[in-house]
Amino acid sequence: MSQLLRVQNFTVSSDGIAAGEDQTLENPFGLDHSGMFEWAGATASWPNRTDPGGSRGIDDYFTRDFTHNIGAEIMGRHKFAPKGGPWPDDEWQGWWGDEPPFHTPVFVLTHHPRPSITLSDTTFHFVGGEPSDVLARAREAADGKDVRLGGGVTTVRQFLDADLVDTLHIAVAPLEFGSGLHLWESPDELHDRFHHDVVPSPSGVTHHLFWRK
């Protein structure tokens, strides 16, 4: 396949939880996620780094690779906004500010379409339909490059259940939440469809790499 659907740098706890049940404007993840992404924030290639330095090695490789050959992204509505249902108005322009980090077309899954918006070099399209139809639109917009499946966890599960995901990189952080939205009970659940390698990092994170059989 010339265009892959890729999950990249998606981080879960050691008990497989990626987010909480109660997302709010003040708490986008619905839980205390401060320890989940320390592995990426400590790297030299972290895009929001304001001071010199940062780690190299396997964590930095994945952080640096995040944008490589990506031409479009698909994300769930809750990665764009804190509430579901009809849009109250078109003023809300997402969590990402005036300079979103995507730099590609982004397809936001929603049952309540609204006009596309462009912020800097990122255009958000609000789309419904079956996962396969959304992926077809994203691949067309990606202009020959791969499509990143950005999350959240419900969206990743939706595309996995539709058997549309080609590769996954899941970073498992050394913490537990006990309750929340699970990506999996065990990574072994994906072994029927994917090859699986496990790469531990000195940071304490364990990188799980999956690619379609």
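A residue counts as buried when its relative accessible area is under 20%, as exposed when that area is over 50%, and as partly exposed in between, with a 1.4 Å probe and protein chains only. This tour follows a predicted model, in which local features need pLDDT of at least 70 and side-chain atom pairs count only at pLDDT 80 or more, while totals for chains, interfaces and linings use all residues. Residues are numbered from 1 along each chain as its sequence is written, and side-chain values use heavy atoms, with hydrogens and water left out.

**The whole chain**

Display the protein chain as a cartoon; 4 helices and 11 strands should appear. Helices (H or I, at least four residues) and strands (E, at least two) are DSSP runs, numbered from the N terminus. The radius of gyration of the chain is 17 Å, close to the 17 Å of the globule rule for 213 residues, so the chain is as compact as a globular protein of that length. That radius is taken over C-alpha atoms, and the globule rule is 2.2 Å times the number of residues to the power 0.38. Along the principal axes, the C-alpha atoms fill a box of roughly 45 × 40 × 35 Å. Of the 213 residues, 44% are buried.

**Strand S8 and its partners**

Select residues 167–173, which form strand S8; 6 of its 7 residues are buried, so S8 is largely enclosed by the rest of the structure. Two strands pair if DSSP finds at least two bridges between them. Add strand S1 (residues 5–13), which runs parallel to S8 and is joined to it by 6 bridges. Within this pairing, Val12 has Val172 of S8 as its bridge partner. Next add strand S11 (residues 206–212), which is antiparallel to S8 and is also joined by 6 bridges. Here Ala171 is matched with His207 in S11.

**Strand S4 and its partners**

Move to strand S4 (105–109). In S4, 4 of the 5 residues are buried, so this strand too is largely enclosed by the rest of the structure. S3 pairs with S4 in the parallel sense over 4 bridges, and Glu73 stands opposite Val106 in S4. S4 and S6 are likewise parallel, with 5 bridges between them; Phe107 stands opposite His125 in S6.

**The aromatic rings**

Now show the aromatic side chains, which make 10 aromatic pairs in the structure. Rings of Phe, Tyr and Trp (its six-membered ring) pair if their centres lie within 6.5 Å; planes under 30 degrees apart count as stacked, over 60 as edge-to-face and the rest as tilted. Select Phe80 and Phe126, an edge-to-face pair with 5.1 Å centre to centre and 75 degrees between the planes. Phe80 lies in the loop between S3 (70–76) and S4, and Phe126 in S6 (residues 122–127), so the pair ties together parts that are 46 residues apart in sequence. Phe80 is buried, at 0% relative accessibility, and Phe126 is buried at 6%.

Trp92 and Trp95 form another edge-to-face pair, at 5.5 Å centre to centre and 90 degrees between the planes. Trp92 is partly exposed, at 27% relative accessibility, as is Trp95, at 23%.

Finally, select Phe80, Trp87, Trp96, Phe102, Phe124 and Phe126, which form one aromatic cluster. Which charged end sits over the ring of Trp87, 3.6 Å from its centre? It is that of Arg77. The charged end of Arg114 also sits over the ring of Trp87, 4.7 Å from its centre. A charge sits over a ring if NZ of Lys or CZ of Arg is within 6 Å of the ring centre and within 35 degrees of the ring normal.
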